[in-house]
Amino acid sequence: MSKIAILGAMVEEIEPILSRVENINKISYANNTFYEATYKGKEVVIAYSKIGKVFSTLTATLLIEKFGCDMLLFSGVAGGISPELAIGDLIIADGLCQHDLDITAFGHPYGYVPEGEVCIPTDVKLREIAKEVARTKGMTLKEGIIATGDQFVACNEKKGWIEETFKADALEMEGASVAVVCHALNIPFFILRAISDTADMDAGFDFDTFLASSAKVSADFILEMVERV
Ligand code: ADE
């Protein structure tokens, strides 16, 4: 049976999950807390990494290498880029790129370093399960590219550049680093985000206002998926 990692970046992103799982065993490790638990008979390990690419790389690696997870589901919030995405809407990543990775001085495209790739695809089967959940629940699920960087984007110009350069539909601060880890370790992974803001000049205010409600939309959806994997 699969041991499923459920990862968020912030405590608000995993709280709605922790409140619904059973048989919790709390483990402190590497300045973080990992929660082994069960949900409807499935074994899960839940954690939040803290914000950004470095912390999410560390936590995703530990979930796989130390806690033995063989599948990873990320749940959280994102800034919307696509005009189709309003606050509270869900997006699943079909691919993830790092918008702040730049060695263009050497003739490489944005987001690329030698022996890496600009865009890392997520697991097709997990995406299919998500679409099935959305159909059953009558929910709209957008699928698209998510761009990741170590910056909270609150500026239309920056947002426009990320959209043009990566054809991205949403942006956040952890997805692509989790993708690098899972891709390298051959672990099927899935990135779900509910929109908390639209990365414009109101983004800071909107993020604070909608973090908890949007994080819950994403978390509830992830638990529906856990039942089906
Ligand atoms: N996560 C949610 N909103 C975001 C934004 N505007 N920039 C970066 N990460 C985010």
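In this predicted model, a residue is called buried when its relative accessible area is under 20%, and exposed when that area is over 50%.

**Exercise 1.** Determine which residues of helix 4 are buried and which are exposed, and explain why the buried ones can be said to line one face of the helix.

*Solution.* Begin with the buried set: within helix 4, which spans residues 156-166, K159, I162 and F166 are buried. Seen down the axis of helix 4, these buried residues fall within an arc of 65 degrees, so they line one face of the helix. Turn next to the other side of helix 4, where N156, E157 and E164 are exposed. Then ask what the buried residues pack against: their partners are strand 5 (71-80), strand 6 (90-98), strand 8 (141-148) and strand 9 (170-172). Finally, follow the chain to K167, just after helix 4, which takes a positive phi of about 55 degrees.

**Exercise 2.** Decide whether T59 is buried or exposed, and identify its contacts beyond four places in sequence.

*Solution.* Locate T59 in helix 2, residues 53-65. Its relative accessible area is 2%, and because the limit for a buried residue is under 20%, T59 counts as buried. Once neighbours within four places in sequence are left aside, T59 is in contact with L7, N32, F34, A47 and S49.

**Exercise 3.** Describe the polar surroundings of the ligand's nitrogen atoms.

*Solution.* Of the 13 residues around the ligand, those that come nearest are A78, G79, V153, L171 and D197. A nitrogen atom of the ligand lies 3.2 Å from a backbone N or O atom of G79, while a polar backbone atom of V153 is 2.8 Å from a ligand nitrogen. For D197, a polar side-chain atom lies 2.6 Å from a nitrogen atom of the ligand. On its own the ligand has 260 Å² of accessible area, of which the protein covers 96%.

Technical notes
Residues numbered from 1 in each chain as written. Predicted model: local features only at pLDDT ≥ 70, side-chain atom pairs only at ≥ 80, totals over all residues. Heavy atoms only, no water. Buried < 20%, exposed > 50% of the residue type's maximum accessible area, 1.4 Å probe, protein only. Helix = DSSP H or I, 4+ residues; strand = E, 2+ residues; numbered from the N terminus. Arc of directions from axis to C-beta. Contact = heavy atoms within 4.5 Å. Near = heavy atom within 4 Å. Polar contact = N/O pair within 3.5 Å; in protein donor to acceptor, adjacent residues only side chain to side chain. Areas by Shrake-Rupley, 256 points an atom, 1.4 Å probe, with all protein chains shown as cover.
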